[in-house]
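User: I am new to this structure and would be grateful for a close look at one part of it: the loops, with whatever surrounds them. Please explain each term as you go.

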Amino acid sequence: MALTLSSNNGNIRKASFLVGNTYKRIPSREADFDRSHRHRKTHDWVLYVDIVGGNPDCIERVLFDLGSTFEPQTFISSCPTPIRRPNGQRAWRFSTRQQSYSS
């Protein structure tokens, strides 16, 4: 995906990005309890936006809307970290890591 932004002074900035996620199942015996201490958080996952091309400075923040079943429902990432993608490509990553449970 690509994003093109123009500023008030006419400058155009472009960035290419990838949206993705990772997931890992946590064995119950290793999983922490949630705030209510009733459920073990057995799902560990990361949502991310990787800036893979163009000017990463044109993106100030990424808002992740996790849906009404999450508390808090939204998370803002405003400090990307440099990463190396599996193919060796360098990128800047905006992300949120969550652990959740299922009934």
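Analyst: **The loops and their surroundings**

Pro72 lies in the loop between β4 (62-65) and β5. The peptide bond that leads from Glu71 into Pro72 is cis, with omega near 0°.

The model is a predicted one, in which local features need pLDDT of at least 70 and side-chain atom pairs count only at pLDDT 80 or more, while totals for chains, interfaces and linings use all residues. Residues are numbered from 1 along each chain as its sequence is written, and side-chain values use heavy atoms, with hydrogens and water left out.

The protein contains 0 helices and 7 strands (DSSP runs numbered from the N terminus, with at least four residues of H or I for a helix and at least two of E for a strand). Along the sequence the pattern is therefore β-β-β-β-β-β-β. Of the 103 residues, 27% are buried (under 20% relative accessible area; exposed is over 50% and partly exposed lies in between, with a 1.4 Å probe and protein chains only). Among contacts (heavy atoms within 4.5 Å) with a separation of 6 or more, 52% link residues 24 or more positions apart.

The loop between β2 (12-25) and β3 (43-54) deserves attention, beginning with Asp34, which lies in it. What is the relative accessibility of Asp34, and how is the residue classed? The value is 11%, so Asp34 counts as buried. The side chain of Asp34 is joined to that of Ser36 by a polar contact of 2.8 Å (a pair of N or O atoms within 3.5 Å; within protein, one must be able to donate a hydrogen and the other to accept it, and residues adjacent in sequence count only if both atoms are side-chain atoms). Beyond its neighbours within four places in sequence, Asp34 is in contact with His39, Lys41 and Tyr101. With Tyr101 the separation along the chain is 67 residues, yet the C-alpha atoms are 8.0 Å apart in space.

His37 is placed in the loop between β2 and β3 as well. Is His37 buried or exposed? Its relative accessibility is 60%, and therefore His37 counts as exposed. The backbone of His37 has a phi near 65°, which is a positive value in a residue other than glycine.

Thr42 also belongs to the loop between β2 and β3. Its relative accessible area is 7%, and so Thr42 is buried. The side chain of Thr42 makes a polar contact of 3.4 Å with the side chain of Arg25. Which residues does Thr42 touch when its neighbours within four places in sequence are left aside? They are Tyr23, Lys24, Arg25, Ile26, Ser28, Ala31, Ser100 and Tyr101. For Ser28, which is 14 residues from Thr42 along the chain, the C-alpha atoms of the two are separated by 6.2 Å. Tyr101 thus appears in the contact lists of both Asp34 and Thr42.

A further loop runs between β6 (81-84) and β7 (90-100), and Arg85 lies in it. Arg85 has a relative accessible area of 16% and therefore counts as buried. To which side chain is that of Arg85 joined by a polar contact? The partner is Asp50, at 2.5 Å. With neighbours within four places in sequence set aside, the contacts of Arg85 are Leu18, Tyr48, Asp50, Val52, Ala91 and Arg93. Asp50 is accordingly named both as the polar partner of Arg85 and among its contacts.

A strand residue completes the view. Ser77 is found in β5, the strand that borders the loop of Pro72. At 6% relative accessibility, Ser77 counts as buried. The side chain of Ser77 reaches the backbone nitrogen of Ser95 at 3.4 Å. Not counting residues up to four places away in sequence, Ser77 touches Arg61, Val62, Phe64, Phe94 and Ser95.

In summary, Asp34, Thr42 and Arg85 are buried loop residues with side-chain polar contacts to Ser36, Arg25 and Asp50 respectively. His37, by contrast, is exposed.
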